[in-house]
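Colleague: Could you take a close look at one part of this model with me? I would like the residue itself and then its surroundings.

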Amino acid sequence: MTRRVGLYPGTFDPITLGHADIIRRGAKLVDRLIIGVTTNPSKNPMFSTEERFAMVEREVAGLGLDNVDVVGFNALLVKFAQQQGASVIIRGLRAVADFEYEYQMAGMNQQLDDDIETVFLMADVSLQPIASKLVKEIALYGGDITPFVSQPVCEDVVARVDKIGRKGDF
């Protein structure tokens, strides 16, 4: 019997409770779930690839899932999925805006390899507003990010903000 391998790619800058929700639920759908930590310079990352990789590994270890691995990559998603033997790409959705972008990406990926399916998972309703970009913005302006990330990730983000400096009037 062939094992079903899934791939959940992202920049995870930082990893949020919404990401953790998708990881937990995605791990139930496949025999092995690979969390692909990638680069995306257009997103202006707060953390280096190595820091994000370590953060994701720590968070995944805390979930207690034995079928999840964290792998870094800097390649075309479909090529990376093929290399990992993934037949499913898992993407989390929060809102209609996410769907439009993800729908286009899924269509392009299907054109590149129609043997790899994209599966969309809706984030838990309580977690749908959470976005890494907003978490970083809230932190940079001195807001409380504890409802959106785990305590260790919160400490990582606060330490980084302390290092680079807060913005705005506070």
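Is Phe-12 buried or exposed, and what is its relative accessible area?

Modeller: Phe-12 is buried, because its relative accessible area is 2%; buried means under 20% of relative accessible area, exposed over 50% and partly exposed in between, with a 1.4 Å probe and protein chains only. Please keep in mind that this is a predicted model, in which local features need pLDDT of at least 70 and side-chain atom pairs count only at pLDDT 80 or more, while totals for chains, interfaces and linings use all residues. Residues are numbered from 1 along each chain as its sequence is written, and side-chain values use heavy atoms, with hydrogens and water left out.

Phe-12 sits in the loop between β1 and α1. Helices (H or I, at least four residues) and strands (E, at least two) are DSSP runs numbered from the N terminus. Although Phe-12 is not a glycine, its phi is positive, at about 50°. Just after it comes another backbone feature: the peptide bond joining Asp-13 and Pro-14 is cis, with omega about 0°. Pro-14 belongs to the loop between β1 and α1, and so does Asp-13. As background, most residues other than glycine have a negative phi, and most peptide bonds are trans.

The ring of Phe-12 is also worth following. The structure has four aromatic pairs, where rings of Phe, Tyr and Trp (its six-membered ring) pair if their centres lie within 6.5 Å, planes under 30 degrees apart being stacked, over 60 edge-to-face and the rest tilted. Tyr-8 and Phe-12 make an edge-to-face pair, because their ring centres are 5.4 Å apart and their planes stand at 80°. Tyr-8 and Phe-12 are both buried. In the pair formed by Phe-73 and Phe-80, by contrast, the rings are stacked, with 4.1 Å from centre to centre and 5° between the planes; Phe-73 and Phe-80 are both buried too. An aromatic cluster is made up of Phe-99, Tyr-103 and Phe-120.

Next along the loop, Asp-13 is buried because its relative accessible area is 4%. Its side chain comes to 2.7 Å from the backbone nitrogen of Met-46. That is a polar contact: a pair of N or O atoms within 3.5 Å, where within protein one must be able to donate a hydrogen and the other to accept it, and residues adjacent in sequence count only if both atoms are side-chain atoms. Beyond its neighbours within four places in sequence, Asp-13 is in contact (heavy atoms within 4.5 Å) with Asn-44, Pro-45, Met-46, Phe-47, Arg-52, Ser-132 and Lys-136.

Ser-132 lets us look back at the loop from the other side. Ser-132 lies in helix α5 and counts as buried because its relative accessible area is 13%. Outside its own sequence neighbours within four places, Ser-132 is in contact with Asp-13, Pro-14, Thr-16 and His-19.

Two of those partners lead into the helix that follows the loop. At the start of α1, a side-chain oxygen of Thr-16 comes within 3.2 Å of the backbone nitrogen of Gly-18. His-19 is one of the buried residues of α1, together with Gly-18, Ala-20, Asp-21, Ile-22, Ile-23, Gly-26 and Ala-27. The helix is mostly covered, with eight of its 11 residues buried. Arg-24, also in α1 (residues 17-27), is partly exposed because its relative accessibility is 36%. Apart from neighbours within four places in sequence, Arg-24 is in contact with Leu-63 and Leu-65. Val-119 is 95 residues from Arg-24 along the chain, and their C-alpha atoms are 15 Å apart.

Finally, the elements flanking the loop also help to line the largest pocket, which holds about 1300 Å³ of space. Elements giving its lining two or more residues are β1, α1, α3 (77-84), β4 (88-93), α4 (96-112) and α5 (132-140). On a 1 Å grid over the protein atoms alone, a pocket is an open set of points where a 1.4 Å probe fits, with protein on both sides within 12 Å along at least five of seven lines; lining residues have an atom within 4 Å of a point. Points are joined across faces, edges and corners, and the volume is the space filled by probe spheres set on them. There are 49 lining residues, and Gly-10, Thr-11, Asn-40, Lys-43 and Arg-91 lie nearest the centre. Helix α4 supplies the largest share of the lining, eight residues.
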